[in-house]
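Visitor: I should like to examine this entry term by term, and to hear on what grounds each description is used. May we begin once the model is in view?

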Amino acid sequence: MTSFVQYKPWMIERYGEPLFRIPVEIAGSCPHGRCAFCAENGSRAQQTQRQDSPLEQAEEAIRFARRRYRAKKFMLYIQAFTADLTDPDQQSILFQCLKKFEFEAVSIGTRPDCLPAEALEFLDTLKKQTEVWVELGVQTANDDTLKRILRGHDWGCSKQAILKLAGHNIHVAVHVILGLPGEISKDWKNTADELAKLPISGIKIHNLHVMKGTQLAEQYAATPFPLLNHWEYAEGLMDFLRRIPAEIPVMRITTDTPDDQLIAPHWHLEKGQFLDYVIQQMTCRQISQGDLLKAERTESRISATPVITEDGSVTFFSEDWKEHYHTKTGARLEAGQKFVAPARLKEKIKTQDIRLLDVCFGLGNNSLAAFCATAKTAEHQLEITALEMDKRVVRAAAEHFQTLETDPVDWKTVLSGLLQQSSFSSHHSSISLHWGDARWLIQALKDHSFDIIFHDPFSSQHCPELWTVDFFKQLHRVIKPNGVLLTYSSAAPVRGAMRKAGFLIAETEPGHNMGNGTVASPTQAELSGFSMIERNHERRAIPYRDPYLCATSKAILRQRQETVEARTK
Ligand code: SF4
């Protein structure tokens, strides 16, 4: 299942090569004044900041693209301000460019309210020479927002423009901004739903940037309004893409604003990292562009064969992480011995309700073991909050799980229910399952709200994101002062990270030939009966770091390696 139709592969399929865009400026203003978010240069490309003539701009850009990127095929891109396609001078420049250079296509940026009949006639003529695209800034389908951002046209105008262009067999690519002032997710959904009904051929999306010198910058300075961080934008974007037909190429999901012009938001993620994040999230959640438009979705399967562990329970080998989900000694044995028993859950539930956070739910063995351990105690409730990124593993588990006669619930049914509704409850316990990156999900959890945390991600070598000082600080924030955290890991950098985050740590000894794990708590008294762990070897204990909770695993591993090497010198 492809997450969404990326532009480059789409172009290769269509043109045999990616088309390199050659930005040329032919207009110097916009007819309606200036949109509230737009900079003085009218979205001019970096390459055309100089005052060259259009032909010189094209020549220089082609030369540069050939030299730097070995580009072979080109698309003429009329970008800055609003092209007036009825202006004979601008028309003439376009024809000159097409005559002098070889372009596979031309793409013209304009406004929905700048397409009178004469403009369409001109596009019809142009179409005889090359493939024609028109890029329309529609931004949103919400008329109140359009007024607020001073667009000077309404959604009806955008709709008419798209229909008119498509009626002339001209490809229409629309530009949309998520996070415009006053808009919330229902507005983006509505924009996507409206666009999905129209004959568009491409889409460019980005989050709102507040740029210097714009009217929005003044509003933001006077009364700062919320701007999307990368997680929020990713959520909005994924939902948006799910509503856009699956065949439409997504030409852009981020925008470039030079640092010296950007007021906010400042992300700590590069464009490529954001793209990887969105693809990873869509893959793991089994969602894809246009899937909400289809009556029946094709579910992708986890690329793994079930493996029977030595205690007879099922686990999987993850192709993504190159690891088994559990030790081969026994998936259920591990859940009992490494998590539930050292958490002393059976004893604790006799005297109090328990709130348990299950980080990386996976097949759900840890939560099931908690259910089993507490099933006989009717007086107190077990409330589990589970975090999981990968729907595929839960789906696979729902298919292959072997419920035992002694289990208090039919776990297969619970898993199927969780896939549908993300929650399950019985008379004494409940689970609410949250889908997504745990680094993001945890930020919505309240301070000091969990008695027990099961921390069960893939190993720190493969998934360092959830073993950093910074993630443990979040766990430290949400655990109660007398809470305990259990993990199977005994790796020195993991224990180093826990310590730095404020945890006291001790050893768990699960037996059955399984390696030791770690129990941690903000309070020493909670670790009584366990062997406390002395400070570990300084260099081996150098922890993983992810200060903004958004770095890639590669970046986290590299940063730690560099620190280790620096200390060795
Ligand atoms: S129409 Fe486009 S170029 Fe013109 S002010 Fe608005 S955003 Fe800027």
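Visitor: What joins strand β13 (residues 354-359) to strand β14 (residues 382-388), and how do the two strands run?

Guide: Six bridges join β13 to β14, and the two strands run parallel. Strands are DSSP runs of E with at least two residues, helices are runs of H or I with at least four, and both are numbered from the N terminus. Two strands pair if DSSP finds at least two bridges between them; with six bridges, β13 and β14 therefore count as paired. Asp358 stands opposite Ala386 of β14, and Val359 has Leu387 as its bridge partner there.

Visitor: Under what conditions are such statements made?

Guide: The model is predicted, so local features need pLDDT of at least 70 and side-chain atom pairs count only at pLDDT 80 or more, whereas totals for chains, interfaces and linings use all residues. Residues are numbered from 1 along each chain as its sequence is written, and side-chain values use heavy atoms, with hydrogens and water left out.

Visitor: With which further strand does β13 pair, and over how many bridges?

Guide: β13 pairs in the parallel sense with strand β17 (residues 450-455) over four bridges, and Leu357 stands opposite Ile453 of β17. The three strands belong to an open sheet of nine, in the order β15-β16-β14-β13-β17-β18-β20-β19-β21, with mixed pairing.

Visitor: Why are β15 and β21 called edge strands?

Guide: β15 (423-425) and β21 (531-532) each pair on one side only.

Visitor: What makes β13 mostly covered?

Guide: Five of the six residues of β13 are buried, a term that requires under 20% relative accessible area (over 50% is exposed, and partly exposed lies in between; 1.4 Å probe, protein chains only). For the protein as a whole, buried residues make up 56% of the 569 residues.

Visitor: Why is strand β4 described as largely enclosed by the rest of the structure?

Guide: Eight of the nine residues of β4 (residues 131-139) are buried, so the strand is largely enclosed. Strand β3 (residues 105-110) pairs with β4 in the parallel sense over six bridges, and Ser107 has Trp133 as its bridge partner in β4.

Visitor: Is Thr214 buried or exposed?

Guide: Thr214 has a relative accessibility of 2% and so counts as buried. Thr214 lies in the loop between β7 (210-211) and α8 (215-222). Beyond its neighbours within four places in sequence, its contacts (heavy atoms within 4.5 Å) are Arg34, Ala36, Phe37, Cys38 and Ala39. Thr214 and Ala39 are 175 residues apart in sequence, yet 5.5 Å separates their C-alpha atoms.

Visitor: What makes Gln381 partly exposed?

Guide: The relative accessible area of Gln381 is 35%, which lies between the two limits, so Gln381 is neither buried nor exposed. Gln381 is placed in the loop between α13 (365-374) and β14. Outside the four places on either side, it is in contact with Ile349, Asp353, Ile354, His427, His428 and Ser429.

Visitor: How do you know that the span of helix α2 is close to the one expected?

Guide: α2 (residues 54-69) has 16 residues and reaches 21 Å from its first C-alpha to its last, close to the expected 22 Å. The expected span is 1.5 Å times one less than the number of residues. Helix α19 (residues 553-568), also with 16 residues, reaches 23 Å.

Visitor: Which residues of α2 are buried, and why are they said to line one face of the helix?

Guide: The buried residues are Pro54, Gln57, Ala58, Ala61, Ile62 and Ala65. Seen down the axis of α2, they fall within an arc of 125°, so they line one face; the arc is that of the directions from the helix axis to the C-beta atoms. They pack against β1 (19-24), β2 (73-78) and α3 (88-100).

Visitor: Which residues of α19 are buried, and against what do they pack?

Guide: Ala555, Ile556, Arg560 and Val564 are buried in α19, and these residues pack against α18 (492-500).

Visitor: Which residues come nearest to the ligand?

Guide: Of the eleven residues around the ligand, Cys30, Cys35, Cys38, Arg111 and Arg151 come nearest; to be near, a residue must have a heavy atom within 4 Å.
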